[in-house]
Amino acid sequence: RRASFSLSPLSSSQPPRMVYLYHERQEAALCGQHCLNNLLQGPHFTAGDLADIATALDQQERKLMLEAGMTAEARAFMSEDSSNVDASGNFSIQVLSQALQNVFGLALEDSRRPENRSLMQSPDAQTGFVLNRHSHWYCLRKLNNQWWSCNSTQMAPERITSSGNFSGLSSELRNLASDNWTVFIVKGDRWPQPAPRNQGAPPSNWVDPASPPRDPNEPAEFSGATTACSAEGD
């Protein structure tokens, strides 16, 4: 069951310092789920929630294809796998968009659309961005007047701007676009407040970016020497 958190518009009067950020790390191919929850700063969506949305979208698409009857085009479409989720749990932009719209009234819009180009001239006025390339999803999020990169393949969020100084954000977005990332603007003002620490998810999902947890895939360091822990005997 989805955890419930209060909704209220973000305010510049929030405390300027946040020690812990909510950060889900990569499991299977569920980066879409992690991206949304890291964006919203709480465990709002499960893989099951997104799978239900994918199924509903599949049904809608099949219904539309069959409006003209079982044409050759419809028959070919019906024989294809879902375009909204694959076997590994990778969700489409349509699923992520629908999830945000259904629960929070937030919209994902491609920054390359003509009406959004002017917004990208002052990206710091936004609250969040969702990024996609090669089936991987992650987000940029403004929290307490600082911008953070929240990527589930990393052990903790990475700060990309200091408080009130947003020059690094424009540079980051330009670099991402030139590196073939698709940038989606998150539009809307019904953002949930960050989830209270340790509510609705494992405590390890709240991290201090200044002191991130050690990557279990990296060798441990002891007294200046690097030693790889053996999996034998576990």
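This report walks through the fold of a predicted protein model, from its overall make-up down to single residues.

## The overall picture

Let us start with the whole chain. The protein chain has 234 residues, and 40% of them are buried. Its secondary structure consists of five helices and ten strands.

How do contacts spread along the sequence? If we take the contacts between residues at least 6 apart in sequence, 64% of them join residues at least 24 apart.

## Two nonpolar cores

In soluble globular proteins, nonpolar side chains tend to be buried together. Here, the largest nonpolar core has 29 residues, and Leu50 and Val130 have the most contacts inside it. Several elements give two or more residues to this core: helix 1 (31-40), helix 2 (47-65), helix 4 (93-104), strand 4 (136-143), strand 5 (146-150) and strand 7 (182-187). There is also a second, separate core, made of 13 residues, with Leu131, Tyr138, Trp147 and Ile185 among them.

Leu50 is a good residue to click on in your viewer. Which residues does Leu50 touch, leaving out those up to four places away in sequence? The list is Gly32, Gln33, Leu36, Phe45, Phe91, Val95, Leu96 and Ala99.

## Helix 1, wrapped up inside

Now look at helix 1. Ten of its ten residues are buried, so helix 1 is largely enclosed by the rest of the structure. The buried residues include nonpolar ones such as Leu36, Leu39 and Leu40, but also Gln33, His34, Asn37 and Asn38. Just after helix 1 comes Gln41, whose phi is positive, near 60°.

## Helix 4 and its meeting with helix 1

Does the length of helix 4 come out as expected, or how far apart are its ends? At 1.5 Å a residue, its twelve residues should span 16 Å, and the end C-alpha atoms are indeed 16 Å apart, so the two values agree. The buried residues in helix 4 are Val95, Leu96, Ser97, Ala99, Leu100 and Phe104. An α-helix has 3.6 residues a turn, so residues three or four places apart point the same way. Helix 4 is followed by Gly105, which has a positive phi near 65°.

Helix 1 and helix 4 pass each other with axes that come within 11 Å and cross at roughly 35°. The crossing is right-handed. At this meeting place, Gly32, Leu36, Leu39 and Leu40 come from helix 1, while Leu96, Ala99, Leu100 and Phe104 come from helix 4.

## Two cysteines without a bond

Cys139 and Cys150 make a nice puzzle. Why is there no disulfide between Cys139 and its closest cysteine sulfur, in Cys150? The two sulfurs are 4.4 Å apart, which is too far for a bond, because a disulfide needs sulfur atoms within 2.5 Å. The count of disulfides comes to zero. Both residues are hidden away: Cys139 is buried with a relative accessible area of 0%, and Cys150 is buried with a value of 0% as well.

## Unusual turns around strand 4

Most residues other than glycine have a negative phi. Two loop residues are worth a look with that in mind. Ser135 lies in the loop between strand 3 (128-133) and strand 4, and its phi is positive, near 70°. Asn144 sits in the loop between strand 4 and strand 5, with a positive phi near 50°.

Are these two loop residues buried or exposed? Ser135 is partly exposed, with a relative accessible area of 43%. Asn144, at 12% relative accessibility, counts as buried.

## Two residues on helix 5

Finally, visit helix 5 (residues 167-178), where Glu172 is found. Glu172 is partly exposed, with a relative accessible area of 23%. Leaving out residues up to four places away in sequence, Glu172 touches Tyr138, Leu140 and Ile160. Glu172 and Ile160 are twelve residues apart along the chain, and their C-alpha atoms are separated by 7.9 Å.

Arg174 also lies in helix 5. Arg174 is exposed, with a relative accessible area of 56%. In sequence, Arg174 and Met120 are 54 residues apart, yet in space their C-alpha atoms are 9.6 Å apart.

Notes: Residues are numbered from 1 along each chain as its sequence is written. This is a predicted model: local features need pLDDT of at least 70, side-chain atom pairs count only at pLDDT 80 or more; totals for chains, interfaces and linings use all residues. Side-chain values use heavy atoms; hydrogens and water are left out. A nonpolar core is a set of buried Ala, Val, Leu, Ile, Met, Phe, Trp, Tyr and Cys residues joined through side-chain atoms within 4.5 Å. Buried means under 20% relative accessible area, exposed over 50%, partly exposed in between (1.4 Å probe, protein chains only). Helices (H or I, at least four residues) and strands (E, at least two) are DSSP runs, numbered from the N terminus. Contact means heavy atoms within 4.5 Å. The expected span of a helix is 1.5 Å times one less than its number of residues. Axes are lines fitted to C-alpha atoms, for helices over the stretch in contact, and angles run from 0 to 180 degrees between N-to-C directions. A crossing is left-handed if the near helix is turned anticlockwise from the far one by less than a right angle, and right-handed if clockwise.
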